[in-house]
Every structure is written in structure tokens, then in C-alpha cells.
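Biologist: I am new to this structure and would like to go through it step by step. Please show it first.

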Amino acid sequence: MPTVPGHALPHADPPAAAPRSSGVNGHAPRPAEDFLTVRDVSKRFGITQALDRVSVSFRAGEVHALMGENGAGKSTLGKAIAGLHRPDEGVITLGGRQLAPGDIDDAFAAGVRIVHQELAQCPNLTVAENLCLHDMPTRRGVVDYATMNRRAARLLADLAPEIDPRAPLGDLPPGRRQIVQIASSLGEGEAGGSHAGAPRVIIFDEPTSSLSVAEADRLMSIVRTLAGRGMLCVYVSHRMGEIFHCCDRVTVLRDGRFVGTSRIAEITQSDLVAQMIGRRIDDSASYRRAPHAPDPAGSAPLLAVEGLSSPGKLHGVSLEVRPGEVVGVGGLVGSGRSELLDAVFGLDQAATGAVRVAGRDLPVGSPRASIAAGVGYVPEDRRLQGLFFQLGIAENIAVPQMPDLARGGLRSFRAERGLIQRQLARFRVKAASPESLPGELSGGNQQKLLIARWMTDATRVLLLDEPTRGIDVGTKTEIYRIVRDAADAGLAVLLVSSEMPELLALSDRVLVMCDGHLTGQLRGREMTQESVLRLATLKHARTPDPATVAG
Ligand SMILES: Nc1ncnc2c1ncn2[C@@H]1O[C@H](COP(=O)(O)OP(=O)(O)OP(=O)(O)O)[C@@H](O)[C@H]1O
Ligand SMILES: [Mg+2]
């Protein structure tokens, strides 16, 4: 794990010295136990009771995890603390002072920062412009780019010094964009701007869901460093490994209610899961094809890719996926995995080579033709590439199938409704109604919505890029089951996942990429974490003979 040079990270005011303690006994040093307290906080959205009289105490200097199923109320609680939601009832105090309900400025002045679950950035501005968006340095009325770039470089120094402040943000992969977002949340208070209040509480809402393992490690060491300086870090994540590696205590929410707070040292992983979902799950299960299932090797490939290249991204990638197969694609962030799926689906206009579905060539660069041929794509970035945020969730599901469901050139609302109801129920998308907008769903439920769109009878080839990102542990195993059942029913699945256990549990064989090349294939016993990593770092890769990576 990289060491974190400390100089540029903000320090918290020691709680006792905070001049803003103006509570009843604000003169006395506050015991660490109730540095931040949430008392009987409720929040309702329409018919959804997102928080139901939740009470939690947080200590200064701890990393406190918030866990719970998708839709349990974690983000809502974080936003209530940060003043982005006004609770219907209840009180939040920080350092003995009551925060004004639903008042972002008050929370900010008191030192609360939040790193949001969804990326909220301007991709067409540079990294530095994004970092200084709210406080542009100027000289004689014009933006002072030199100062701005220096400030941005300072904010990034601890997290990712390799990011160029002058690069357009949209050119960075999601992992890097997430780091920029974290830098901007951490930095604002000390950026030399006009804002008051150094950070004392930082809420990380699934900060690592789009980061590589190395980036996530780096982030966690930064979180520990911040806590070591007396800051309270509230850490929302579905990744068990991170919770046990990085957190001191954990609070579980379920259906908007407080279930319990435990010390990490005193709770087991399966107890924690049981608290979250009310039952235990077997996380060692494999979802590979059952040994007695018919071997797809005899059938003709459903998806065939030949010599797929794209300047600077892909170099002569060839592969085949047969009906009934889940083929995993391993590799490091930036190895070309997502670019491969983009190109197969027809999103890369510069791609050359052949993509065939059931023996028929797809025209290059035409997602429409891919959809018509039965290709479904769950992309990595649900915000930028996936969901239509202006449309209701019902239409988000029905969109790719509207032409098929139409009768005599007219939309068949009845057929659409049937499909929508089936999919919402099958994927247990938690939403107030089919008319709700995707933005009203919790992060994990947005992801389920995206998967529900493509897992229908019309799909024959399914491209999945980090499909369980932000999905809770219980639902994850359900999605694995659904993917496997779909494959058993004859689908061809190409799966990209950075979560090694997921890749290995779900794939029948694994192809590995490095620098836009396929560097090898693993099957059966060869499919181990070590072998994937070895191939993922194989430099000067030769592209293997297509025959060797065929099914
Ligand atoms: N702006 C909103 N409008 C309507 N409903 C909302 C809104 N924000 C949240 N909700 C609902 O409140 C509930 C709690 O959502 P929240 O985002 O807090 O869940 P979460 O625990 O963060 O879940 P996830 O793990 O999926 O991110 C969900 O049912 C969600 O649909
Ligand atoms: Mg959330």
C-alpha cells in the first residue's frame, strides 16, 4: 500500500477546541462518543419512508461504516447530515452544536463534507476547473489559470499526483474521475478560498465502487490518515473486505431503520450480512456451468469477434462466445476491457474488424443494429452511458424493446406494462412507482434497473461491464443466479469485472487483457487470482492465435 505524505491533507480541529460548541454545556470538552449525533431522524419521500426515527452516535477520529441493502437509507442519512436533505423530524448535532436542518451552508461551515455516490462533474471542463468550480481564482476580473492549476495540483498531490490538472476531465477513466471528486470534497475548506470551517466530518458514499484495487487501497489509506488526525470518516460501502480492512465500527440500517452499531473487531462477516438482510448467504458458491449441463463447445459461436482494433485502445482482439457460456474478461483498469465491450456493441466509430452475432456480420459503429440483433449492454457508467434520467423507470426498461412490442406501428402500452412489471419484480427494483424517475432510486436500484432492461427474452448476447457495482451482498448473489440461468437458457455472456471473486465464480473461462491486447485465456483450475494478475501485467503481449481463445 502506498504511503501517504501528510502535508496537504486537511487536519480536523480538535473537538474540544472547536469554538463553535455552543450547546447547553458547550464549554466542557465533549466526550468523543457523541461528536456527531443523529437523534430520531426521519425522512419520507412520497410513500417511501427512507429513514424511520434513526439514532446513531459517531466519534471523532473513527472510520464508521454505514451498511445495509440497496435502498436501506444510507445515502439519505449521509445527505441529511450534510444538510442536503431536511429531515421531517429529529436532530443532528456536531461537536455539541445543533446543525440547522437541511442547511448545506451551515453543515459546511461546521466542517461537514460529502463525497457523493454518483459522479457530479463537468466532463468537458479540465480537472483543475472542476476542482475550483465554486471558487475560481481570478486576477483583474479574469480567471487566473496558473493559480488554478497550482491549487488543483496541490489538492491532487496526496491522492493521485499523476493526474494532470489541465487534462479534460472527460478523458479520464471513471476511477480517476472519482479521485478528482474526492479531492474536491476534501480540498474546498483549505483551498485558500472564502469558505469557513476546516473539514471535521467526511462522508464517503461508496467512494471505491469505480476504483481499481490499487486505487481503492490508496483511498483507504487516505481515509485512515484523515481519521488519525481526528476527523470522523463515515464510510458507506457494500464491499465487506473494505469494511473489515478500514473501519473501526459499523452501523447497519434496514428499511430505513437503525439495526445496530458494532465494533468491527467484535463482529463476523456473516453476522453483519445477517443483520443487513435477515438471513445468511453462502458467498463461496460458484455460478459456473454445472458439470452435467450440456457442453457449449459443440455449438456454433453466438458472438464472434475477429481482429477488432481501435487506434490507441484495442489491438486485434479475437474471441468467441458460445450459447450457454459466460466468458469473463480480466485485466487492470485501463487495459481495454470496457473499450472492447464498447466496440463490440458498436459505440466505437473508429473500430475496425468483424463482429458477428449468430453468424451474421454487424455493421461497425451501429448500436442500433446490435440491439436489433439481440445484443444487450450494461455499461460501466450508468450515469453517462446507461440510464435516461429524464424518462421514468418504466420507459427505461422498455426502450430497447419498444419496436418489438409495437403493433401496427403503434406503441403497445399494454405489452410494455407487462414487461415492465415482470422485470421490476424479478429484479426487485425498489421504487415508489413505475413512473418514478431513475434519480429517485438508490444507487444500487439504479444498477438493477439497468440490468433489468437488458435481461429479457429479446437478448441473446449480453455484455456486462461491472454489473454488480453498488449492489448489496444479498442481491449480488441473486444477480449471479440470474446471469447463470440466462446462460443456461442459451445466452452468450461476456463479462467484465474488477471484482476477482465475482469474475472467477461466474465465468466458465476467463480472457485477460493488457494494453488493449488479449494476453491469454484461463480455464478450469488455471482460473486463479494469481494467473489473472500475471496475464494482466504481461507486457509486450503477443496477441494469441484466435483458435486458442475460441471456445
Ligand atoms: N430524491 C428522492 N425521491 C424519491 N425517493 C427517494 C429519493 N432519494 C431516495 N429515495 C428513496 O429512499 C430510499 C432510500 O434511498 P437511499 O438512496 O438512501 O438508499 P441507499 O441505502 O443509499 O441504497 P444504495 O445502496 O442502493 O445506494 C429508497 O427507496 C429510494 O428510492
Ligand atoms: Mg446510496
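Modeller: Two strands pair if DSSP finds at least two bridges between them. Keep in mind that this is a predicted model.

Biologist: In what order do the strands of the open sheet of 6 strands lie?

Modeller: The sheet is open and its pairing is mixed. From one strand to the next, the twist averages 20°. Read across the sheet, the order is β18-β19-β20-β15-β21-β22.

Biologist: Which strands stand at the edges of this sheet?

Modeller: An edge strand here has a single partner strand, so one side of it is left without a neighbour in the sheet. That applies to residues 375-378 and to residues 517-523. The strands in question are β18 and β22.

Biologist: How many bridges join β15 to β20?

Modeller: Strand β15 covers residues 326-330 and strand β20 covers residues 492-496, and the two run parallel. Across this pairing, G328 stands opposite L495 in β20. The number of bridges joining the two strands is 4.

Biologist: Which helix lies across β15, β18, β19, β20 and β21?

Modeller: Helix α16, residues 473-488, lies across β15, β19 and β20, at about 125° to β15. The helix asked for covers residues 337-345 and runs at about 150° to β19. That helix is α9.

Biologist: Are the rings of F345 and Y377 stacked, tilted or edge-to-face?

Modeller: The count of aromatic pairs in the model comes to 4. For F345 and Y377, the ring centres are 5.1 Å apart and the planes stand at 55°. Planes under 30 degrees apart count as stacked and over 60 as edge-to-face. The angle falls between those limits, so the pair is tilted.

Biologist: How many residues apart in sequence are the parts that F345 and Y377 tie together?

Modeller: F345 lies in helix α9, while Y377 lies in strand β18. The pair therefore ties together parts whose separation in sequence, in residues, is 32.

Biologist: Is F345 buried or exposed?

Modeller: Buried means under 20% relative accessible area. The relative accessible area of F345 is 6%, so F345 is buried.

Biologist: Which residues are linked into a cluster by ring pairs?

Modeller: F345 also forms an edge-to-face pair with W454, at 6.2 Å centre to centre and 80° between the planes. W454 lies in helix α15, so this pair ties together parts that are 109 residues apart in sequence. At 7% relative accessibility W454 counts as buried, and at 4% Y377 does too. The cluster consists of F345, Y377 and W454.

Key: Residues are numbered from 1 along each chain as its sequence is written. Chains are lettered from A and ligands numbered from 1 in the order in which they are written. This is a predicted model: local features need pLDDT of at least 70, side-chain atom pairs count only at pLDDT 80 or more; totals for chains, interfaces and linings use all residues. Side-chain values use heavy atoms; hydrogens and water are left out. Axes are lines fitted to C-alpha atoms, for helices over the stretch in contact, and angles run from 0 to 180 degrees between N-to-C directions. Contact means heavy atoms within 4.5 Å. Rings of Phe, Tyr and Trp (its six-membered ring) pair if their centres lie within 6.5 Å; planes under 30 degrees apart count as stacked, over 60 as edge-to-face and the rest as tilted. Buried means under 20% relative accessible area, exposed over 50%, partly exposed in between (1.4 Å probe, protein chains only).
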